[in-house]
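Work through the following exercises with the sequence and coordinates open. Each task is followed by its solution in steps.

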Amino acid sequence: MLYTENKPIEEILESLGKEKNIFLLGCNGCAEVCETGGEKTLSAMNIELEKAGKNVTGTCLVDFLCNKMLVATRLAREMDILQHSDSILVLTCGIGVQAVSKVINKVVHPAANTVSLGGLQGLWPAEERCQACGDCALDYTGGICPVTFCAKSLLNGPCGGAKDGKCEVDKEKDCGWQLIFERLQKVGRLENLKKVRSPRDHSSMLPSSQLRKTSFYDLEG
Amino acid sequence: MKLSELFKQGKFVITCEVGPPKGIEIKKILDELEPLRGKADAFNVTDLQSSVMRVGSLATCRLLKDRGLEPIMQLTCRDRNRLGLQSDVLSAAVLGIENLLCITGDHPKLGDHPAAMPVFDLDSVQLLSAVKSLMNGKDMAGNELEGQPPQFALGAVVNPGADPLEPQIIKMAKKVKAGAEFFQTQAVYEVDKFADFIEKVKHLKVPVMAGIVFLKSPAMAKFMNENVAGIHVPDEIINELAAVPKEKRVEKSLEISARLIKQLKDLCQGIHIMSLGWERHISTVLEMAGL
């Protein structure tokens with residue numbers, strides 16, 4: 001199972017910035033169990049956002065946000081509302097956020113950090129990858145993960161090694177930062193790249209002793 | 001002498017690249033630099049260039065210093081985490097090194113130990129910030145350094161030929177913000193394109209040194225065009241080199257480089273020569289270029 005933890009509300013509000021109309025999209029799979037997705041968390045987030053002066057344009061729950069077919073089909077019904085929303089706050093793991101960003105041309109914000117992929121994964125049928133770094137940066141990179149898409153996991157932009165949009169490590173692999181650049185250009189958020197990202201806290205990749213004792217982490221424990 | 005001082009004095013700065021050997025016989029490459037004494041202002045010592053294991057930058061920098069030649073220590077993020085990098089920065093200061101060039105580094109997969117773990121705990125922007133923090137007396141974790149903090153001139157790199165160029169320039173601005181005081185570029189063969197780049201980064205008000213790589217043969221130029229990011233040798237230059245008989249190639253190649261330097265000189269604040277084994281020809285090129 002993909003284990004996720006809610007980002008602090010302050011961090012979420014900071015990342016939403018001046019955006020007023022927010023669509024809430026929650027996952028009913030692993031994230032529901034971790035209480036980072038699901039009905040209960042979605043309602044709580046709705047209240048928090050309204051309290052902060054945001055307008056929640058709509059909410060939607062999808063069983064597995066990591067399944068792009070499922071997400072695209074379900075969101076097709078919400079197109080009108082989505083068109084009038086500034087962004088989507090996605091209540092799920094890193095894979096789910098990337099899947100949503102892939103199927104809809106909207107700014108996405110992760111509401112959770114993915115801490116552990118555990119032994120058992122969600123549906124996860126495609127190219128999106130999450131390293132469970134515990135400090136989700138998908139908000140800043142337009143929903144494309146720099147940790148898994150960039151061969152060097154760079155956080156502050158491309159190295160000088162990409163040629164014709166391909167990675168220096170593998171000519172058949174897209175440069176992750178080129179994808180991020182194009183995506184941010186497309187959703188009008190190129191200014192995100194100007195922000196200096198601090199070095200990662202690698203200790204956040206280690207599941208806490210508390211988590212290790214739960215059945216989220218160890219089904220036999 | 002810090003490179004930043006030379007730029008402040010308005011000097012047109014000349015640096016050359018030195019690749020330490022694979023093996024411990026280092027005298028030869030140091031001797032080859034002797035003709036450049038008084039001509040080049042400083043020497044970049046590469047840090048396991050192209051991810052090929054060899055003698056390190058730190059030791060070689062100190063040997064240059066002992067000979068009275070000014071070293072620039074290249075520091076990549078490829079092989080060390082933040083503990084190792086910060087420690088090596090302090091070690092460099094202890095050994096009297098005053099110039100650091102902070103770069104991401106090639107991926108290990110491109111080198112002679114492709115199975116090595118790629119570290120990249122920090123990226124180049126974060127490395128610059130970390131060194132800046134040490135210069136202000138604190139390590140990355142916020143712990144105070146004892147006594148006088150180290151002082152360096154901090155350099156960084158940029159690729160003016162990258163396509164798209166915009167992300168490179170955004171990152172360059174971040175590097176300036178993080179503490180970079182001068183930039184060296186990837187090899188330049190297209191003067192117009194370089195002039196456009198300079199126009200786009202003028203607002204950053206930071207010295208830029210244009211990169212020069214000697215073209216040893218038309219085949220090398222074609223290889224770089226196909227394989228090296230951000231390098232484009234125009235057909236005219238390749239044809240010019242191909243048109244002369246083999247025994248005249250070296251002369252022609254040096255002539256091309258000298259001409260490029262002359263054309264680039266007024267656009268930037270210095271040049272950085274990556275001679276790739278042709279160290280013995282550098283002084284000739286500088287003379288031909290009137291430097």
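**Exercise 1: the fold of chain A**

Task: determine what share of the 221 residues of chain A count as buried, and check the radius of gyration of chain A.

Solution. Burial (20 or more other C-beta atoms within 10 Å of the residue's own, C-beta atoms being placed from the backbone) applies to 45% of the 221 residues of chain A. This is a predicted model, in which local features need pLDDT of at least 70 and side-chain atom pairs count only at pLDDT 80 or more, while totals for chains, interfaces and linings use all residues. Residues are numbered from 1 along each chain as its sequence is written, and chains are lettered from A and ligands numbered from 1 in the order in which they are written.

Next, the globule rule (2.2 Å times the number of residues to the power 0.38, over C-alpha atoms) puts a compact globule of 221 residues near 17 Å; chain A has 17 Å, which agrees.

**Exercise 2: helix 6 of chain B**

Task: compare the expected span of helix 6 (residues 166-178) of chain B with the distance between its end C-alpha atoms.

Solution. Helices are DSSP runs of H or I, at least four residues, numbered from the N terminus. The expected span is 1.5 Å times one less than the number of residues. For the 13 residues of helix 6 of chain B this gives 18 Å, and the end C-alpha atoms are 18 Å apart, which agrees. Its buried residues include B:Pro167, B:Met172 and B:Ala178. Just after helix 6 of chain B, B:Gly179 has a positive phi of about 130°.

Notes
Helix = DSSP H or I, 4+ residues; strand = E, 2+ residues; numbered from the N terminus. Buried ≥ 20, exposed ≤ 12 C-beta atoms within 10 Å, placed from the backbone.
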